[in-house]
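Please load the model below in your viewer and keep a selection box handy. We will go from stop to stop together.

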Amino acid sequence: MPGPHPTTRLPLNGEPHTVFLKNVISRPTIKVGDFTYYNDDDNASDFENRNVLYHFDFIGDELVIGKFCALATGTQFIMNGATHALGGFSTYPFNIFGHGWEEGVDFSTFTSSQKGDTVVGNDVWIGRGATIMPGVSIGSGAIIGAYAVVTKDVPPYCIAAGNPAQVMKKRFCDKTIERLLDIAWWDWPIDKISRNLAAIRGADLAALENAV
């Protein structure tokens, strides 16, 4: 099969700074597509513990990342476990300290403020130090700028940057985006992808649509 094998753990000549992410994930609540990579000189393989924060099993939220995504050093996902109860006068988590403070706690006040799964599409580039907040969806083909804090959904093939991140522009016109999403080259068999790298890397939409 052409190209690196998707089950390769360290795809850059065995160097530990870059991992195909799905091969270092053990939590069932984190799902990562083939060929998505994370780069970090400081223990890239421990991504699920160092970069996915407040991700508690009892909450049950999922982090889903598609195929062929590029995650730069310091990309962080803040999950719903970071959220405090918002329905009362205080957000202080008295119950976690016990000694009687746990009595009478209404856990629905926590679940009502949670925002669901965090979903990253395919072929997404997330810049260095970006932070993705709970429940955000990032569409396929999007680009997230370095050190952005993404608090709301980013549509496909858009560039978002800043704190809080704002969509700066679309990478292509609406019609082109629609056609690219219909093509969904990331779902092709790997041999077809390998044969058509010039079209995938290029800007000839007709060539991509007519790829065989």
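The tour covers two sheets, a residue inside one of them, a surface patch and the cysteines.

Before the first click, note that this is a predicted model, in which local features need pLDDT of at least 70, side-chain atom pairs count only at pLDDT 80 or more, and totals for chains, interfaces and linings use all residues. Residues are numbered from 1 along each chain as its sequence is written, and side-chain values use heavy atoms, with hydrogens and water left out.

**Stop 1: the four-stranded sheet**

Start with residues 30–32, strand S2, and 137–138, strand S11. Strands here are DSSP runs of E with at least two residues, helices are runs of H or I with at least four, and both are numbered from the N terminus. S2 and S11 are the edges of an open sheet, each pairing on one side only. The sheet has four strands in the order S2-S5-S8-S11, and its pairing is parallel. Two strands count as paired if DSSP finds at least two bridges between them.

Now add residues 63–65, which make up strand S5. S5 runs parallel to S2, and three bridges join the two. Zoom in on Val 32 and you will find Ile 65 of S5 opposite.

**Stop 2: Ile 65**

Stay on Ile 65 in strand S5. Is Ile 65 buried or exposed? Its relative accessibility is 2%, so Ile 65 counts as buried (buried is under 20% relative accessible area, exposed over 50%, partly exposed in between, with a 1.4 Å probe and protein chains only).

Show the neighbours next. Leaving out residues up to four places away in sequence, Ile 65 touches Leu 21, Lys 31, Val 32, Gly 33, Thr 36, Leu 71, Phe 77, Val 120 and Gly 121; contact means heavy atoms within 4.5 Å. For a sense of scale, draw a C-alpha to C-alpha distance to Pro 16: Ile 65 and Pro 16 are 21 Å apart in space and 49 residues apart in sequence.

**Stop 3: the seven-stranded sheet**

Select strand S1 (18–20) and S15, the edge strands of another open sheet, each of which pairs on one side only. This sheet contains seven strands in the order S1-S3-S6-S9-S12-S14-S15, with mixed pairing.

Both directions can be seen around S14. Strand S12 (residues 143–144) runs parallel to S14 (residues 158–162), with two bridges between them, and Ile 144 faces Ala 160 across that pair. On to strand S15 (residues 165–170), which runs antiparallel to S14 and is joined to S14 by five bridges. S14 and S15 form a hairpin with two residues between them. Two opposite pairs to label are Ala 161 with Gln 166 and Ile 159 with Lys 169.

**Stop 4: a nonpolar surface patch**

Turn on the surface and colour Tyr 92, Phe 94, Ile 96, Phe 97 and Trp 101: they form a nonpolar patch with about 560 Å² of accessible area together. Phe 97 sits in the loop between strand S7 (76–78) and helix H2 (108–111). With 44% relative accessibility, Phe 97 counts as partly exposed.

**Stop 5: the cysteines**

How many disulfides does a search of the whole structure find? It finds zero, a disulfide being a pair of cysteine sulfur atoms within 2.5 Å. Pick Cys 158: its closest cysteine sulfur, in Cys 173, is 12 Å away, which is too far for a bond. Cys 158 is buried, at 2% relative accessible area, whereas Cys 173 is partly exposed, at 46%.

Key. Patches are made of residues with over 30% relative accessible area and no salt bridge: like charges are joined within 9 Å, nonpolar side chains (Val, Leu, Ile, Met, Phe, Trp, Tyr) within 5 Å. Accessible areas come from the Shrake-Rupley method with a 1.4 Å probe; for residues, only the protein chains shown count as cover. A salt bridge is a side-chain nitrogen of Lys or Arg within 4 Å of a carboxyl oxygen of Asp or Glu.
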